[in-house]
Amino acid sequence: MSEASAKGTVQSVDRALDLMEALAGHGGAAGISELAAATGLPYGTIHRLLRTLLDRGYVRQESDRRYALGGALVRLGGVAERMVGVWAQPYLKRMVELSGETANMAVLEGDFIVYVAQIPSPRRLRMFAEVGRRVLPHSTAVGKVLLADRPDAEVASLVERTGMPRRTANTITDLPGMLAELERVRDRGYALDLGEEELGVHCLAVGVRDGARTIAAMSVSGPAERIDALDREELAAGMRRIARDFGSELGGGLSPG
């Protein structure tokens with residue numbers, strides 16, 4: 001019995017998803033040899049699966065004959081993103097109750113951070129990150145959480161494409177400084193934005209994982225003096241517990257980073 005059959009899965013679907021994930025892991029585009037190395041599938045199997053994915057628009061072929069993720073995924077991704085944002089609402093509300101500050105959820109789309117859900121603080125003076133807003137990841141806590149899950153080489157490629165523009169005097173604007181910051185994020189299990197995106201605003205973020213990958217970040221943000229008055233370790237621990245509960249409802253093995 002094949003491994004897929006033993007798990008009760010459909011082998012062709014399993015393999016097609018392996019190919020899609022391999023393309024995503026290569027930045028969205030890869031050649032046949034790269035896909036074979038990443039998935040362990042025979043070349044003939046890869047060609048047959050790619051033909052179906054090409055016909056359905058989930059993969060496209062580039063002029064250099066490499067394969068890339070296709071436009072049909074945009075439609076699915078947009079719907080899925082909105083649904084996850086809806087499901088996150090009660091958990092973001094718990095983060096507001098925990099911290100007293102605005103809670104957000106964000107994902108990495110291409111080279112940009114996109115905010116997909118938010119629950120505002122009940123306080124009169126509060127922070128807003130408009131849902132749908134796109135920002136570069138280097139100056140935000142949610143961005144650092146998501147970059148920390150990537151290899152240093154992938155981070156270097158991203159910042160080479162985007163640059164690291166200075167948002168405030170506190171923004172990290174050089175690659176060695178960012179790589180050192182991401183190592184600190186990995187060590188402590190949360191990321192900080194200490195006035196790096198906007199002066200006077202501080203933020204703490206934790207990751208949400210899908211198996212081995214961080215797929216989203218959840219954060220609380222507010223005026224610097226209020227965030228700094230909170231116990232960071234206690235806050236981060238509470239946020240991770242909330243993210244774990246969120247992952248349990250979503251299913252598929254999500255857990256906090």
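**Close-up 1. Lys144 in helix H6.** In this predicted model, Lys144 sits in helix H6, which covers residues 141-148. Is this lysine buried or exposed? Its relative accessible area is 0%, so Lys144 counts as buried. Leaving aside residues up to four places away in sequence, Lys144 touches Pro137 and His138, and further along the chain Ile172, Glu181, Leu182 and Val185. The list of its contacts is completed by Ala191, Leu192, Asp193 and Glu196. Two glutamates and one aspartate are thus to be found among the residues that Lys144 touches, namely Glu181, Glu196 and Asp193.

**Close-up 2. Phe246 in helix H10 and the residues around it.** Helix H10 spans residues 232-250, and Phe246 is found in it. With a relative accessible area of 1%, Phe246 falls under the 20% cut-off and is therefore buried. Which residues does Phe246 touch, not counting those up to four places away in sequence? They are Val84, Trp87, Ala88, Tyr91, Met105 and Met218. Take a moment to find Ala88 in this view: 158 residues separate Ala88 from Phe246 in sequence, yet their C-alpha atoms are 6.9 Å apart in space.

**Close-up 3. Strand S4 between its two partners.** Strand S4 runs from residue 102 to residue 109, and six of its eight residues are buried. Its pairing with strand S5 is antiparallel and has seven bridges; here Asn104 stands opposite Gln118 of S5. S4 also pairs with S9, again in the antiparallel sense, over five bridges. In that pairing, Ala106 faces Ala217 of S9. As a reminder for reading such views, the strands of a sheet pair through backbone hydrogen bonds, either parallel or antiparallel.

**Close-up 4. The S4-S5 hairpin and strand S6.** Follow the chain from S4 into S5 and you pass through a hairpin with two residues between the strands. Gly110 lies in this turn and has a positive phi of about 65°. Strand S5, residues 112-119, is mostly covered, with seven of its eight residues buried. S5 is also joined to strand S6 (residues 134-135) by two bridges, and these strands run antiparallel. Where does Val114 find its bridge partner in S6? The partner is Arg134.

**Close-up 5. An open sheet of three strands with helices packed on it.** The strands are arranged in the order S1-S3-S2, with antiparallel pairing. S1 (29-30) and S2 (59-61) are the edge strands, each pairing on one side only. S3, residues 67-69, is joined to S1 by two antiparallel bridges, and Ala29 has Ala68 of S3 as its bridge partner. Helix H2 (residues 11-25) packs on this sheet and touches S1, S2 and S3, its direction making about 90° with that of S3. Helix H4 (residues 43-56) packs on the sheet as well, touching S2 and S3; the angle between its direction and that of S2 is about 105°.

**Close-up 6. Arg65 in the loop between S2 and S3.** Moving to the loop that links S2 and S3, we meet Arg65. Its phi is near 75°, a positive value in a residue other than glycine. For context, most residues other than glycine have a negative phi. Is Arg65 buried or exposed? Its relative accessibility is 60%, so Arg65 counts as exposed.

**Close-up 7. The second largest pocket.** This pocket has a volume of about 240 Å³. How many residues line it? There are 16, and those nearest its centre are Tyr115, Ala129, Arg133, Glu197 and Val201. By class, the lining comprises seven nonpolar, four polar and five charged residues. Strands S8 (201-210) and S9 (213-223) each supply at least two residues of this lining.

**Close-up 8. Stepping back to the whole protein.** To place the earlier views in context, the protein has ten helices and ten strands. Of its 257 residues, 44% are buried. Among contacts between residues at least 6 apart in sequence, 55% join residues at least 24 apart.

How values were computed:
Residues are numbered from 1 along each chain as its sequence is written. This is a predicted model: local features need pLDDT of at least 70, side-chain atom pairs count only at pLDDT 80 or more; totals for chains, interfaces and linings use all residues. Side-chain values use heavy atoms; hydrogens and water are left out. Two strands pair if DSSP finds at least two bridges between them. Helices (H or I, at least four residues) and strands (E, at least two) are DSSP runs, numbered from the N terminus. Contact means heavy atoms within 4.5 Å. Axes are lines fitted to C-alpha atoms, for helices over the stretch in contact, and angles run from 0 to 180 degrees between N-to-C directions. On a 1 Å grid over the protein atoms alone, a cavity is a set of points where a 1.4 Å probe fits but cannot get out, and a pocket is an open set with protein on both sides within 12 Å along at least five of seven lines; lining residues have an atom within 4 Å of a point. Grid points are joined across faces, edges and corners, and a volume is the space filled by probe spheres set on the points. Ala, Val, Leu, Ile, Met, Phe, Trp, Tyr, Cys and Pro count as nonpolar, Asp, Glu, Lys and Arg as charged, and the others, Gly among them, as polar. Buried means under 20% relative accessible area, exposed over 50%, partly exposed in between (1.4 Å probe, protein chains only).
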